[in-house]
Every structure is written in structure tokens, then in C-alpha cells.
Amino acid sequence: MTDKQSQDKQDSPSPATELAHLRQIVFGDAQKGLEQKIEQLGKTLQTQLKQHEQQTARQFSLLQNALENHVDQLEDKLLNADKGQDAKANELFTLNKNLSSELEMAEAANKQENDELHKRIDQDIAALSNKFSEQLKEALAQLTQVSNELNASKTDRKTLAKLLATVASNLETGDDE
């Protein structure tokens, strides 16, 4: 190749450049309009995405705050419920303690009353026993006296019977002297 051919090649534009140049001539204004529209759409899209991101962030923040508020309210309710349960448990414990004390006092009083009742019953039994013993002694003494009297009267009857038998035999024999 000669210098002239290489210079012609350098002076003549490459086919890609020519194609780009032709495109510019044919579609130049339309392409610029499309590129501007694409760029404008990209900017609008980015603006809308930022707005959606901000709106989503606000909504997420609101949702998070609402959740935190509800969690705080639930924690407060649980804390109040725990305090209420603790108060009721303490009240029940106190009532149980008081009832236990009252039960112990009632048991002690009942034991004392039972002991006194047993003592009184023992005393009454002893008094009745003594009274019945005395009455038994008196009854035995009276029985002995009556028995002695009956024996004595029985002897008198025997003597009377012997006397009558002697009188009868004397009458039979006729010894009336």
C-alpha cells in the first residue's frame, strides 16, 4: 500500500462512524427527543421511587411506633396484672395466716373446754359414785337390819310354834294340871 491509499483510508470515515453520522441525520431530532424523554422518565422514576421510599419509611416508622405503643400498653397491663396477682396472693396469704391463727386459738379453746368438761364429768361421776356407794351402804345396812329382824321374828315364831305344839300335845294327853 502506498501512502496515498493509507491516507485515503484515514480520510474516509469508518463505517461505524458513518452509520452513526447517518443515524444522526435521519433520526437526530427524534433520537434527542427520545433520549430526553428517557432521561426525564428516569428522573421522574427516581423522584417517585424516593417518594415511595420516604412514604414507606414513614409508614414503617408509624407502624413501628404503633407496635411499640401496643407492646408498652401490653407490658403495662401485664405489670398491673402481676401487681394485682401479687396483691391477691399476699391477701390470700394473710387470710390463710389469720385463719390458721384463729384455728389454732379455737383448737386451744376447744381443748381447754374439753379438758374442763372431762374434769367436770369426772367430778360428777366421782360424786355420783360416792352417793351411790353411800346409798348402797345404807341399803345394805337396812337389808341387814331387816334380815336380822326377820331372823328374830322367825325365832319367835319357832318358839311360838313349839309352845303351841307343847300345848296341843298336852291337850291331847290331857295333862291339864
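Is Glu68 buried, partly exposed or exposed, and what is its relative accessible area? In this predicted model, Glu68 is partly exposed, with a relative accessible area of 41%, and the residue is found in helix 2. Glu68 also belongs to a patch of negative charge on the surface, where it gathers with Asp72, Glu75 and Asp76.

The setting for this patch is a protein chain whose secondary structure comes to two helices and zero strands. Helix 2 covers residues 15-173, in a chain of 177 residues of which buried residues make up 1%. The accessible surface of the protein chain comes to about 16,600 Å², and carbon and sulfur atoms account for 56% of that surface.

A search for salt bridges across the whole structure finds two. In one of them, the side chains of Glu39 and Lys43 meet with an N to O distance of 3.6 Å. Glu39 and Lys43 are four residues apart in helix 2, and therefore they are separated by about one helical turn. In another salt bridge, Lys111 is paired with Asp115, and the closest N and O atoms of this pair are 3.7 Å apart. The spacing along the chain is again four residues within helix 2, so that Lys111 and Asp115 are likewise separated by about one helical turn. As to the accessibility of this second pair, Lys111 counts as exposed because its relative accessibility is 54%, which is to be read against a cut-off of over 50% for exposed residues. Asp115, with a relative accessible area of 41%, is partly exposed.

A further surface feature is nonpolar in character, for Leu160, Leu163, Leu164, Val167 and Leu171 form a patch on the surface with about 490 Å² of accessible area together. Among these residues, Leu164 lies in helix 2, and Leu164 is classed as exposed because its relative accessible area is 52%.

Taken along helix 2, the model thus places several of the features described above on one element: the Glu39 and Lys43 pair, Glu68 of the negative patch, the Lys111 and Asp115 pair, and Leu164 of the nonpolar patch.

Definitions and conventions
Residues are numbered from 1 along each chain as its sequence is written. This is a predicted model: local features need pLDDT of at least 70, side-chain atom pairs count only at pLDDT 80 or more; totals for chains, interfaces and linings use all residues. Side-chain values use heavy atoms; hydrogens and water are left out. Buried means under 20% relative accessible area, exposed over 50%, partly exposed in between (1.4 Å probe, protein chains only). Accessible areas come from the Shrake-Rupley method with a 1.4 Å probe; for residues, only the protein chains shown count as cover. A salt bridge is a side-chain nitrogen of Lys or Arg within 4 Å of a carboxyl oxygen of Asp or Glu. Patches are made of residues with over 30% relative accessible area and no salt bridge: like charges are joined within 9 Å, nonpolar side chains (Val, Leu, Ile, Met, Phe, Trp, Tyr) within 5 Å. Lys and Arg count as positive and Asp and Glu as negative; His and the chain ends are not counted. The place of a charge is taken as NZ of Lys, CZ of Arg, CG of Asp or CD of Glu.
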